[in-house]
Amino acid sequence: MLIALSGVLTGYNGSFPFEKPGDKYEGVNYVGMREFCTILGGALIPFTFISIWEMTHSLNAATLSASLVLFDVGTLTLTQYILLDPILLFFMLASFVGICKFRSAALSEFRVNWWFWLIFTGVTMACCVCVKFVGLFQVTFIGLMTIVDLWFILGKLSKPISYTVKHFVARFVCLIILPILVYVGFFYIHLFILNKSGNGDGFYSSAFQSKLQGNSLHNASMPKDVSFGAIVTLKNHRTGGGYLHSHWHLYPENVGAKQQQITTYAHKDENNRWLVKLYNDDEKINFNDTVRYIKHGDMIRLEHVPTRRNLHSHREPAPITKKHYQVTGYGENGTGDYNDVWKVFVDGGSDGNVVSAVTSKIKLVHVLQHCVLTTSNKQLPKWAFEQHEVTCSPNLRDTNSYWNVEDNINPKLPNVSFEVYSPNFFARFIESHAVMFQGNAGLKPKEGEVTSKPWQWPINYKGQFFSGNNYKIYLLGNPVIWWGNIVVMVLYNLISVWKAIINKRRNNQNEAVADSNQQLLTTCNWLFIGWGLHYIPFYAMGRVLYFHHYFSAFLYSSMLTGVTISYLLEIIKTSKPTLIRKTIYDGLIGLIYASAIYSFYLYSPLAYGMSGPVSTEQNSTMFGLRWLDSWEF
């Protein structure tokens, strides 16, 4: 919505579909949206500086951390496009600034400044989750910091227990209740504004679709009950379920019987239409005079309207789920065999209950094979246009075997309005999230798509082309900064172990622990936790992953590098200061900044655009800079 708002404010008329990367804008005013994302990306540098300054009060640490973010070509590339990532990173660091400012305001408890930063943290934290669900990693991080703060407050024995309760209630209201209200409020606006039909309608239930203007169910009037002779569409009742679908194409060789394909398809289409027929061809009904409703326990045939083939199953194994039976389209001109006969069962129904459109959950049980029509939610190969598999499951309790009639066309029956079945806001809120969670978890790589693994990200193993035109843009981190982050992270862990051993030995000798740089190390601990929370969970994800998923963790890694280097340099500077130590200190500072700046200069064409031959040719502007064979520029 923020991108759309920036577009509206800068003259974008909403005509460009944004279907796939590389499409020509053809005069569309998109610059405002790119400027908006770039401005948010630019805010990452001051946010980084402010966060580290508030945590360490070290000018060197804050400046170096911000510089590492500033001179990373990958962050520059990612934040100059119309993407969700710059918005996510903006709100992530904004919430981090908020919690750092709030902790720094501890001496002015329950005053205006204290309340402002607490509320600011809660609101930006909610915005972070609104952008992407991975914002929950930031919520977890801030939650851990809050728990630790409350633990130390509880340990203040000079304060009454009511003092701790006040702090707990303030944080509970501002960091839990307020973010929930903000999050739900934004989705209320989202569902209020985005009320038009689109090509993704099919992912939602029939009742949800009735609230979308332009959808066939919006203000729809159709027969309430389903009868023989009706033309219907069947939608799988699971979250994000598709429509029962067929087309002229046959299953390929060695994939069961070479009969017509049956799939589920997430979009509305003429190939989703089915004619409900009597199961026995010998039994005739004069549809001009008689209406016979379909009831619980009735046996039917379903004829695919465009191809006139019947929904059919037999004991051939399904294409992917081999323990299930194959479902096909069979017959000619509506004539098939007894493997086309299905028995209708209404969920919670009994003999005599009529099947109603939209509201009735039904199962279709194959009469001869004693299996139930279901979808495995598995994506078929390209020969089925990557639609989803439909099978007949011997497990009659299959959780994906429920369907509902969505469209119900029968001119012989009176129409009724379906507005009464429209869900309220909270029902749509819950369903939209269920669809999003399921869709996000089910994302799989498309053929030829460049993906990556989490282990590749910290080592900058492989980038990703963002543009392949005359000027090529390649998403890749500044290798000096990224590889430096790895080295410094190892150093940080070694320092942490060494400090733990030293402190333990001092405790055993009953000596006070004196460390002027303890604040820097404490900050490093939190930054390491932030890095881990934004990186490690990706190893548990089954969905398709991309290189840009690491940039949230990269920001924390860069801040960790800045603070750790400052800690080591302070040791050199403050331990028995001499002219030599001061020279070493100044030389190392200069070397670090020079390396970051010069490497940015060398690799900046990755972000600003490369032209000419590839980097392996001597006349290339990037010759000699392809340090890993896995880099593709």
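A pocket is an open set of grid points where a 1.4 Å probe fits, with protein on both sides within 12 Å along at least five of seven lines. The exercises below apply this term to a predicted model.

**Exercise 1.** Determine how much space lies in the second largest pocket and which residues lie nearest its centre.

*Solution.* Begin with the volume: the second largest pocket holds about 430 Å³ of space. Next, consider its wall, which 20 residues line. Nearest the centre of this pocket are Met125, Val139, Leu175, Ile176 and Pro179.

**Exercise 2.** Identify the elements that give two or more residues to the lining of the second largest pocket, and state which of them gives the most.

*Solution.* Two or more lining residues come from each of helix 7 (112–131), helix 8 (135–154), helix 9 (161–193) and helix 11 (425–441). The greatest contribution is that of helix 9, with eight residues.

**Exercise 3.** Describe the lining of the second largest pocket by residue class.

*Solution.* Sorting the lining residues by class yields 16 nonpolar, three polar and one charged.

**Exercise 4.** Characterise the chain to which this pocket belongs, from its elements to its surface.

*Solution.* First, the chain contains 16 helices and 16 strands. Second, its C-alpha trace spans about 105 × 75 × 55 Å along the principal axes. Third, taking buried to mean under 20% relative accessible area, 48% of the 633 residues in the chain are buried. Fourth, of the contacts with a separation of 6 or more, 72% join residues 24 or more positions apart. Finally, the accessible surface of the chain amounts to about 30700 Å², and carbon and sulfur atoms account for 61% of that surface.

Notes. Residues numbered from 1 in each chain as written. Predicted model: local features only at pLDDT ≥ 70, side-chain atom pairs only at ≥ 80, totals over all residues. Heavy atoms only, no water. 1 Å grid on protein atoms, 1.4 Å probe; cavity = no way out; pocket = protein on both sides within 12 Å on 5 of 7 lines; lining within 4 Å. Points joined across faces, edges and corners; volume = space filled by probe spheres on them. Helix = DSSP H or I, 4+ residues; strand = E, 2+ residues; numbered from the N terminus. Nonpolar A, V, L, I, M, F, W, Y, C, P; charged D, E, K, R; others polar. Buried < 20%, exposed > 50% of the residue type's maximum accessible area, 1.4 Å probe, protein only. Contact = heavy atoms within 4.5 Å. Areas by Shrake-Rupley, 256 points an atom, 1.4 Å probe, with all protein chains shown as cover.
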